[in-house]
Amino acid sequence: MAASVPVLIVDFGSQYTQLIARRIRENRVYCEIVSCTTPTEQILARQPRAIVLSGGPSSVYAEDAPPFDPALLELGLPTLGICYGVQLMAHRGGGRVARAARREYGPAEVKVERPVGVFAPFAAGESLQVWMSHGDRIEAMPEGFVPIGSSANTPFCAVACVERKIYGFQFHPEVYHTPRGHEMLRAFLFDVAGLTPDWTPGQFVDQAMASIQQRVGATGTVICGLSGGVDSSVAAALVHRAIGSRLHCIFVDNGLLRHNEADEVLRLFRGRMDITVHHVNAAARFLDELKGIVDPEQKRKIIGRVFIEVFEAEARRIDNARYLVQGTLYPDVIESVSFKGPSAVIKSHHNVGGLPEKMHLALVEPLRELFKDEVREVGAQMGLPHDILWRHPFPGPGLAIRCLGEVTEPRLDVLRKADTIVQEEIRTSGLQSSLWQAFAVLLPVRSVGVMGDERTYDECVAIRAVQSSDGMTADWARLPHDLLATLSTRIINEVKGVNRVVYDISSKPPATIEWE
Ligand code: XMP
């Protein structure tokens, strides 16, 4: 955790709180989210230079409204209240908030009354498109506040107490549907609060190295489970830069990886980055344990258990191992700061789930302050290849959950060949970065075909390509027909054992992205 944080966002449970943080960081100003239950002394200890009060689903006058310390408004810090945040300012400062005759949700026009502070980028009388989402409305502001923007429904749509540098919006400047919201946020950060845009990936790398060195001290070995994914790669690169050869990576080859994947990971980390990598080839053990298993949950359980056993055994061979690197990202951390109460456990990194508790290792989480796109920026800053940084997610259980039915070496071989074609063609099409994932699935279905003069009775490959922003929901990608045709022709011609290719047109929900 950084000692001082230029902007603290006090969270009252808005679905948009993360988005506020991202918008601020996009301006190269570091910020963090704190729960509204955080005592004011703790907030002050972070030495913020500006405060944002988020929106939230509650009513300020409700009995179970989230806690709020009015002293926060007396700190003399530039403050921006958004939606619920500005209603709090009104309610706690002696104004009036009441239920609106009708809930306002969707686009609205705000007229600029006074082009000051957060509205300084605009002209008096200018009309701005904004996004509203609120059930209550402000009917009177406390003394000292003036309206600086109004809408047909809401006279106090944007308010200010200019001398105290306190501003409030009834609408959401952070969402895409407020097209000029970024100008308002910039005006708040740079003109009102006088901050400087100095939070860069380079600065993050320096800070992260210092804090890793401080955390692990001068002795002791740090171990890191390498999966070849973005997060573990960037985390390993950072820790290596901080402590050099005291980092030992463990790369478990479970035999369920894609074509050439193990070689590529080793070439990059051992070869190019000169990191110590313990390569454990456990393919035979995994395949042996998976023999005869067709149930998806059983496959996952077996793979998870064997991974932990193999990893632990290897870790025990490393002298003085005291720390374990985890690729926890900021969204996982935020889940635990919500005022609704911390979620029971912070999500553990999929591929090393369950390891830390069993192994009594202290955690090193160098990415816990970053969003995914920031992890990529930091990786690029450290010279990691584009292909690693823009990799599609790949599940811990690997090809086993894309090889429906029994997982055997010959079937994995067929799947790997089909998947390689999908990866090649998607990359060539230029669509790679617009897709969340694209891959092949081998189905345990045989159908009749005819090749040359011969009848075939072979397996079927399904192609899955989806668009998604977080993997929680997804839509099947409308791939061009010509691309689908190329995929089908190449897979059927080049992969022996496959005589039919189908395209998966199911969205999530109700389907899932993976087939198992
Ligand atoms: P589903 O299939 O649940 O997948 O729609 C959502 C996203 O999560 C990935 N996924 C996993 N990632 N370990 C992982 O590291 C797993 O066990 C796992 N299962 C699914 C999946 O690839 C998709 O991006």
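User: In which sense do strands E4 and E9 pair, parallel or antiparallel?
Analyst: In this predicted model, strand E4 covers residues 79-82 and is joined to E9 over four bridges. Within the pair, Leu-80 stands opposite Tyr-167 of E9. The sense of the pairing between E4 and E9 is parallel.

User: Which residue of strand E8 stands opposite Tyr-167 in E9?
Analyst: Strand E8, residues 158-161, runs antiparallel to E9, and four bridges join the two. Tyr-167 has Leu-80 opposite it in the pairing of E4 with E9. In the pairing with E8, the residue opposite Tyr-167 is Ala-160.

User: Which residues of strand E9 are buried on the side other than that of Ile-166 and Gly-168?
Analyst: In a regular strand, side chains alternate between the two faces of the sheet. Strand E9 spans residues 166-169 and is covered on both faces, with Ile-166 and Gly-168 buried on one side. The buried residues on the other side are Tyr-167 and Phe-169.

User: Which residue in the hairpin of E8 and E9 takes a positive phi?
Analyst: The hairpin has four residues between its strands, and those strands run antiparallel. A phi near 60 degrees is found there, in Lys-165.

User: What are the edge strands of the open sheet?
Analyst: The sheet has nine strands with mixed pairing, in the order E2-E1-E3-E4-E9-E8-E7-E5-E6. From one strand to the next the twist averages 25 degrees. An edge strand pairs on one side only, and here the two are E2 (31-35) and E6 (127-140).

User: How many bridges join E5 and E6?
Analyst: Strand E5 comprises residues 96-112 and pairs with E6 in the antiparallel sense. Glu-104 is placed in strand E5, and opposite this residue in E6 stands His-134. The number of bridges between E5 and E6 is twelve.

User: Is Glu-104 buried or exposed?
Analyst: Glu-104 touches Met-132, Ser-133, His-134, Ser-151, Asn-153 and Thr-154, leaving out residues up to four places away in sequence. Its relative accessibility is 11%, and the limit for burial is under 20%, so Glu-104 counts as buried.

User: Which side chain makes a polar contact of 3.2 Å with that of Glu-104?
Analyst: The Glu-104 side chain makes a polar contact with the side chain of Asn-153 at 3.3 Å. The contact of 3.2 Å is with the side chain of Thr-154.

User: Which helix gives the most to the largest nonpolar core?
Analyst: That core has 123 residues, and Leu-247 and Ile-491 have the most contacts inside it. A second, separate core of 41 residues includes Val-118, Leu-128, Ala-158 and Leu-195. The greatest contribution to the largest core, nine residues, comes from helix H6 (residues 230-243).

User: Which cysteine is in contact with Leu-247?
Analyst: Setting aside neighbours within four places in sequence, the contacts of Leu-247 include Val-222, Ala-236, Val-239, His-240, Ile-275, Thr-276 and Val-325. Also in contact with Leu-247 is Cys-224.

User: Why is Cys-224 not bonded to Cys-249, and how far apart are their sulfurs?
Analyst: Cys-224 counts as buried, at 2% relative accessibility. A disulfide needs sulfur atoms within 2.5 Å. The sulfur of Cys-249 is the closest to that of Cys-224 but too far for a bond, because the separation is 4.4 Å.

User: How many disulfides are there?
Analyst: Cys-31 is in no disulfide, and the nearest cysteine sulfur, in Cys-36, is 17 Å away. Cys-31 is also buried, at 0% relative accessibility. With the cut-off of 2.5 Å between sulfurs, the count of disulfides is zero.

User: What is the relative accessible area of Cys-83?
Analyst: Cys-83 has a positive phi near 60 degrees although the residue is not glycine. Its place is the loop between E4 and helix H3 (84-92). Cys-83 is buried, with a relative accessible area of 4%.

User: What is the relative accessible area of Asn-320?
Analyst: Asn-320 likewise has a positive phi near 60 degrees in a residue other than glycine. Asn-320 belongs to the loop between helix H9 (296-316) and strand E13 (321-325). The residue is partly exposed, with a relative accessible area of 46%.

User: What is omega for the peptide bond from Pro-509 to Pro-510?
Analyst: Pro-509 lies in the segment after strand E18 (498-503), and Pro-510 is placed in the segment after E18. The bond from Lys-508 to Pro-509 is cis, with omega near -15 degrees. The bond from Pro-509 to Pro-510 is cis, with omega near 5 degrees.

Terms used. Residues are numbered from 1 along each chain as its sequence is written. This is a predicted model: local features need pLDDT of at least 70, side-chain atom pairs count only at pLDDT 80 or more; totals for chains, interfaces and linings use all residues. Side-chain values use heavy atoms; hydrogens and water are left out. A nonpolar core is a set of buried Ala, Val, Leu, Ile, Met, Phe, Trp, Tyr and Cys residues joined through side-chain atoms within 4.5 Å. Buried means under 20% relative accessible area, exposed over 50%, partly exposed in between (1.4 Å probe, protein chains only). Contact means heavy atoms within 4.5 Å. Two strands pair if DSSP finds at least two bridges between them. Axes are lines fitted to C-alpha atoms, for helices over the stretch in contact, and angles run from 0 to 180 degrees between N-to-C directions. A polar contact is a pair of N or O atoms within 3.5 Å; within protein, one must be able to donate a hydrogen and the other to accept it, and residues adjacent in sequence count only if both atoms are side-chain atoms.
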